[in-house]
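Welcome! Please take a moment with the sequence and the model shown here, and then read on for a short tour.

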Amino acid sequence: MSLSKPAKLYLGLPAWAYPGWSNRYFVDEPSRLASYASVFNTVEGNTTFYRTPDGDTIARWHDAVASRDFRFCLKLPKVVTHEPKPDVRALRTFLDLVNPLSQNLGPLLVQFPANVGPTDLQRIEHTLSVVSERHECALEVRHPKFFEHPEILLPVLERTDSCRITLDAQPIHQGNRDHPEVVAALHKKPDLPVLTGTVGGRAFVRLVLHPDLESNGPWMSEWVAQTAGYLRAGIETWMMIHCPNNQHCPPLAREFHRQLSAFVDLPPLAAWSLPEQMSLV
């Protein structure tokens, strides 16, 4: 099979410091983030949704990845996106604090809850406009009307040069819903229509796979094919591999990369970082 030269793929996970990954996939020296970044080239920064990091933390993150082509996709604080009266000052403070990462920032994640709908377009556009003055951003919405009429958001996305996040939680909703690791995740990852169209030459996918790994075959194959199509068409693609139990995310992402490599020419993923005593066994 002939391989095409693809657009850039950024492949990552929803965190870099999940406790169950320590000394199994990543190590603490020189840091867990540096170890993670030796394998994957992006990460979701969900901790910023709950608390804005201080300058020292940002400096450590910067130093850990300074020599790598690595991108942080940090989520905007919840006081900006999830409160009835958004704190615009908190947004500008957040943007100031993360600015030292600018060379290592991917799209900032702007996630609005299901109660923010088409009547809130002005709020959505204002938030995206403030962010896009300085950084790329990716929008995730959950109100059903945005999926019944996806064209509603297109002018906003185009004016702010933002891409739209595709959340695909079908694997956990259509797989075994009684699996103990899935039950608690069902209300957090809504079963919404999957919109695969792209805006602005970028695709951003959050794929929530099932902890019963054998059931992921159809979903994995579907997204491998879809991603290959994006990359061949010159569409920069961000793929974040999720699972209700984060323990499974690293090997799932590696399997995704392995399957995708059969269709497009990708740089290989580095081997897992392991403690020296384990590597000698």
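Helices (H or I, at least four residues) and strands (E, at least two) are DSSP runs, numbered from the N terminus. This is a predicted model, in which local features need pLDDT of at least 70 and side-chain atom pairs count only at pLDDT 80 or more, while totals for chains, interfaces and linings use all residues. Residues are numbered from 1 along each chain as its sequence is written, and side-chain values use heavy atoms, with hydrogens and water left out.

**Threonine 48**

- Helix H2 (residues 47-50) is home to threonine 48.
- Threonine 48 counts as buried because its relative accessibility is 0%; buried means under 20% relative accessible area, exposed over 50%, and partly exposed in between (1.4 Å probe, protein chains only).
- The side chain of threonine 48 comes to 2.9 Å from the backbone oxygen of glycine 45, a polar contact (a pair of N or O atoms within 3.5 Å; within protein, one must be able to donate a hydrogen and the other to accept it, and residues adjacent in sequence count only if both atoms are side-chain atoms).
- Beyond its neighbours within four places in sequence, threonine 48 is in contact with Pro53, Trp61, Leu74, Lys75, Leu76, Pro77 and Phe94, where contact means heavy atoms within 4.5 Å.

**Helix H5 and its surroundings**

- Phe94 appears again among the buried residues of helix H5 (residues 88-98), which are Ala90, Leu91, Phe94, Leu95 and Val98.
- These buried residues are on the same side of H5, because they cover an arc of only 140° around the axis; the arc is that of the directions from the helix axis to the C-beta atoms.
- The buried residues of H5 pack against H2, helix H3 (55-65), strand E3 (71-74), helix H4 (78-81), strand E4 (108-111) and helix H6 (121-132).
- Where H5 starts, a side-chain oxygen of aspartate 87 lies within 3.2 Å of the backbone nitrogen of arginine 89.

**Two helix pairs**

- The axes of H5 and H6 are 10 Å apart, and the two helices pack at an angle of about 25°; axes are lines fitted to C-alpha atoms, for helices over the stretch in contact, and angles run from 0 to 180 degrees between N-to-C directions.
- H5 and H6 are therefore roughly parallel (angles under 35 degrees count as roughly parallel, over 145 as roughly antiparallel, 65 to 115 as roughly perpendicular and the rest as oblique).
- From H5, Val88, Leu91, Arg92 and Leu95 meet His126, Thr127, Val130 and Val131 of H6.
- Helix H11 (residues 217-232) and helix H12 (residues 249-260) have axes that come within 10 Å and cross at roughly 55°, which makes H11 oblique to H12.
- Among the residues making this contact are Trp223 and Leu231 of H11 and Phe256 and Leu260 of H12.

**Backbone features in loops**

- Most residues other than glycine have a negative phi, and most peptide bonds are trans.
- The peptide bond from glutamate 29 to proline 30 is cis, with omega near 0°, and proline 30 sits in the loop between strand E1 (9-13) and helix H1 (32-37).
- Asparagine 23 is in the loop between E1 and H1; asparagine 23 is not a glycine, yet has a positive phi of about 65°.
- With 36% relative accessibility, asparagine 23 counts as partly exposed.
- Aspartate 161 has a positive phi, near 50°, and is placed in the loop between helix H8 (154-159) and strand E6 (163-168).
- Aspartate 161 counts as partly exposed, at 48% relative accessibility.
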